[in-house]
Amino acid sequence: MGKKVKKDEKPPPDDVFDTLAVESRNAGTVVLMLSSPEEDVQSKACEAIYKFVSKCDENKKQLLDLGAVEHLLALMQSEDKIVRRNACMAVGVMTAHPEVRKYLRKQETTFPALVNLLAPDEDTVCHEFSALALSNMATEFSSKAAIFENGGVEPLIRCLVANDPDVQKNSIEALALLLMDYQTRAAIRDLDGLSPMLEVLKSDYAIIQKLALLALERASQDGENRSALRELEAISKLIDFVAHPEWNDLHVMAVMVLSNLLEDLESLELIKETGGLKRLVALITDQVPVDEEPKGGKGDKGDKGGKGSRNAKKSAKESAAKCNHGTSAKKQESADSSEPPSGEAIIPTLPDVKMCAAKAICRSARSSENRKILHEQESEKMLIHLLSHESFEVQAAAAQALAVMAENLASRDSVREWEGLGPLIKMLGSENLSVKEAATLALANLTTANSNNCQEIQTLNGIEPLITCLVDGREDAVANAACVLTNLAQIETLRVDAQNKGVVRALIEPLSSRNVTVQSKVALAVAAFVCDFDSRENFRQSDGIAPLIGLLSSGNDEVRRNAAWAVTVCAVDEPTATEICKLGGMEILQEIQMSSTRRSPFAEAALQKLLDNNLSAKYALTGNLSSTNFIENGFYDIGQLRPGTKFLTLEEYAKQEMNEKRPIILINAKPDPAFSQTQSQAELDAKQESSKTSVTGKNSRTGRDSKTHSPTKTRKQQEREEKQREEELQAQLQREAEAISAAENKPFEAPCDSTLLKYIEEVTEKIQPLPTTREQVKALAGFVAEKMGGSIERGQLSNFGWELPISQIKYELKSNVVPLGKIKAGIHVHRALLFKTLADKIAVSCSLVRGEYNRAWNEVLLPEEEYSLEDVLFAFSPTPGAPKFPPKTYIVDLIHEPGSLLRVDTPEAQTYKKI
């Protein structure tokens with residue numbers, strides 16, 4: 001047994017405190033320990049705080065109020081690695097609270113300290129939690145700028161290649177947030193950060209792959225970054241990523257990155273050369289890609305942990321990230337015997353992926369060069385295939401992409417040849433409004449300037465669904481359907497077919513929409529379909545004029561322009577033009593033309609067409625009827641219309657009480673039915689009178705020569721006769737009341753003018769056969785002067801009594817409306833109107849011009865009578881005796897020397913036009 005040796009224990013120095021083990025459950029006490037000069041105490045206090053704040057958000061706020069963050073921030077810059085590590089862990093977790101982040105943003109040392117902890121010589125745990133803190137801080141814009149200014153992007157990129165997945169996860173998340181700022185997008189390219197982000201896509205953890213795709217999606221919004229990604233073969237890598245069915249939950253984000261990359265023409269050319277576009281199309285349409293090799297031989301990746309265990313890793317990773325806020329959740333290697341499916345086994349892509357792919361094509365096709373390449377790669381086939389998908393979102397996205405592709409002329413024919421119109425027409429009946437809207441948009445673009453597609457739509461019975469969309473769909477669908485129908489209306493057979501199916505009535509309701517796009521497109525459709533008399537009448541009787549006129553007052557230029565064009569088409573016939581004037585359309589057009597900002601050639605054309613087909617309004621407004629304006633029955637002259645005065649219809653003028661103003665002169669050359677009826681009644685009475693005459697020649701009613709006297713009437717007979725007379729009187733009163741009621745309910749009929757009708761018959765018989773226009777004009781002038789009171793000597797016009805006779809006619813007719821033929825004493829204004837009316841009936845070209853103070857005159861174009869001998873000898877005369885051309889304008893004298901022709905540029909003509 002050995003000898004015991006006594007240990008030589010030296011007591012601690014007198015100036016050193018004995019070791020003290022302290023147990024504390026109060027957070028304030030631990031915060032005080034952070035101020036200890038001993039590094040071991042600081043380290044343990046930081047570790048205790050880390051565990052405390054990881055429990056809940058209330059603990060983070062409590063420690064913030066106790067001032068722990070200030071001490072932790074200082075300890076993050078400690079010389080001791082363990083202290084720095086534990087302090088960083090505590091701060092990284094606490095940054096999940098918004099109040100903590102708010103406090104840290106105000107501290108100048110926050111971001112330099114966090115960035116310094118990302119240095120290569122620091123501990124991996126420091127990298128993890130410092131990146132976590134930066135990712136939490138980067139949620140606010142001001143923090144993004146501060147991280148960028150303190151050089152935080154480069155160390156975060158360097159951490160992407162770390163072996164620890166938690167470091168990768170926090171770093172890529174921070175970068176994804178920083179890439180929302182344009183400065184970081186440019187810096188990440190200069191710092192070669194795109195390549196590490198692509199490599200991170202190979203991670204075994206779904207959350208890391210998801211964040212990497214998010215970062216790439218934001219980085220690829222920059223054009224130069226897209227160029228750099230092309231050089232890194234990012235497109236091929238992303239397509240390979242989509243080809244992995246086990247990553248289908250991330251395919252949507254991968255397609256979003258591809259969508260950004262495919263915006264550039266260079267990317268499309270590259271993917272075309274490498275065959276990547278056809279491969280992508282095949283993947284989206286769930287088909288075997290061309291030249292696809294079986295992938296079963298690439299199962300050696302299972303040796304690295306196996307992708308089959310990905311879901312377990314993902315759930316473990318996400319739970320670690322959520323609960324421990326960045327605590328170490330290292331790779332859990334688990335063997336899996338399953339191998340990736342071979343190329344023969346087609347696993348359908350998710351509907352969201354198909355939708356994003358269609359949107360990617362749509363986005364890329366916004367450029368004409370890109371559309372050309374996409375058409376060469378037959379992208380329309382994929383989109384047509386997606387139209388039949390069961391998901392409404394996929395259908396809508398595919399239809400929108402086809403709408404953009406249809407801007408390429410060749411694509412329009414390709415869609416028809418590949419039977420893409422049928423599914424689109426079927427989509428018009430979808431209960432989903434987004435699908436209906438997208439389908440109408442595609443059809444609108446496909447039928448633009450393509451008659452074959454228009455014909456195909458009729459063949460596929462697509463007109464009725466389009467008409468239904470006008471009244472049963474959202475506003476954009478209504479506008480698109482109207483655009484399609486407008487395109488169809490360019491072909492007469494299709495237009496007639498649509499009219500027979502009620503398109504005119506269906507267009508009326510959308511005219512009252514408040515959406516300016518709907519108003520514009522529907523007004524244009526109205527102009528396309530009301531181009532014949534029957535459709536205009538249908539439109540007018542269906543009360544479509546009022547909402548159309550309402551669009552003329554729109555504040556939108558395009559709406560006003562299209563509405564004015566529709567009014568131009570509608571005003572071709574007189575009944576519709578009259579209705580437009582009645583509803584105030586003429587006043588609105590005049591107001592538009594008086595405006596310096598709203599006036600347009602369309603409004604001017606509408607007003608001119610309206611006046612050309614409503615000559616009464618034209619003469620009242622402009623005081624001029626050209627030689628091409630022919631006066632017909634129903635024309636009336638109200639005089640010069642004052643500004644701001646509404647032009648009324650003849651019926652409205654006729655219902656006004658009789659006044660002392662000038663009469664409304666009416667042209668209505670028709671036989672008077674009352675006169676004809678009176679004449680027939682007189683003949684009938686004459687026959688009855690002759691039948692009542694006795695044989696002796698005495699009138700049977702007088703009974704003077706009757707030799708026999710009737711016996712005295714009894715009282716009963718007298719009472720019976722009185723009763724009979726009373727019944728006859730009652731019956732007569734009832735008939736008169738019925739006649740008055742019928743007259744009130746009877747539609748308005750303009751007074752007939754049989755005298756004017758006789759004038760027309762007379763000039764047709766006597767003046768029209770004259771050999772030359774000059775002779776016709778002179779003879780007609782003499783005829784008019786004769787019917788209007790004869791010639792008036794110069795200077796005696798004031799003594800010519802014409803006002804009193806016209807007033808007497810007004811009194812006799814009990815109306816302000818006076819037929820022209822009843823005027824027997826007229827001056828310039830009456831004679832010029834009669835001359836124009838009769839001249840139009842016998843095809844003598846002349847114009848009617850109104851002057852001031854009841855002046856009016858007619859202008860005619862006539863050549864000089866013949867060439868003189870001097871002209872024949874010294875000028876180039878084609879044939880002696882022929883009329884001289886060009887013709888000259890003359891004013892026809894109807895007052896002083898009826899038949900005289902006054903050259904417009906002579907003093908006599910000027911005197912004739914003025915007092």
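**Exercises on a predicted model**

Cys 483 is partly exposed in this predicted model, with a relative accessible area of 22%.

**Exercise 1.** Determine whether Cys 469 is buried or exposed, and state how many disulfides a search of the whole structure finds.

*Solution.* Begin with the relative accessible area of Cys 469, which is 1%. Because buried means under 20%, Cys 469 counts as buried, whereas Cys 483, at 22%, is partly exposed. Then turn to the sulfur atoms: the search of the whole structure returns zero disulfides.

**Exercise 2.** Describe the open sheet formed by E2, E3 and E4, naming the strands that stand at its edges.

*Solution.* The order of the three strands is E2-E3-E4, and their pairing is mixed. Strand E2 (635-637) and strand E4 (817-819) each have a single partner strand, so they stand at the edges, with one side of each lacking a neighbour in the sheet. On average, neighbouring strands are turned by 30° against each other, direction ignored. Next, consider the pairing of E2 with E3 (residues 664-667), which is antiparallel and runs over three bridges; within it, Asp 637 has Ile 665 in E3 as its bridge partner. Finally, helix H47 (residues 828-841) packs on the sheet, where it touches E2 and E3, and its direction makes about 15° with that of E3.

**Exercise 3.** Locate Arg 774 and state what separates its C-alpha atom from that of Leu 862.

*Solution.* Arg 774 lies in helix H45 (residues 773-787) and is buried, its relative accessible area being 15%. Although Arg 774 and Leu 862 are 88 residues apart along the chain, their C-alpha atoms are separated by 6.9 Å.

Definitions and conventions: Residues are numbered from 1 along each chain as its sequence is written. This is a predicted model: local features need pLDDT of at least 70, side-chain atom pairs count only at pLDDT 80 or more; totals for chains, interfaces and linings use all residues. Side-chain values use heavy atoms; hydrogens and water are left out. A disulfide is a pair of cysteine sulfur atoms within 2.5 Å. Buried means under 20% relative accessible area, exposed over 50%, partly exposed in between (1.4 Å probe, protein chains only). Helices (H or I, at least four residues) and strands (E, at least two) are DSSP runs, numbered from the N terminus. Two strands pair if DSSP finds at least two bridges between them. Axes are lines fitted to C-alpha atoms, for helices over the stretch in contact, and angles run from 0 to 180 degrees between N-to-C directions. Contact means heavy atoms within 4.5 Å.
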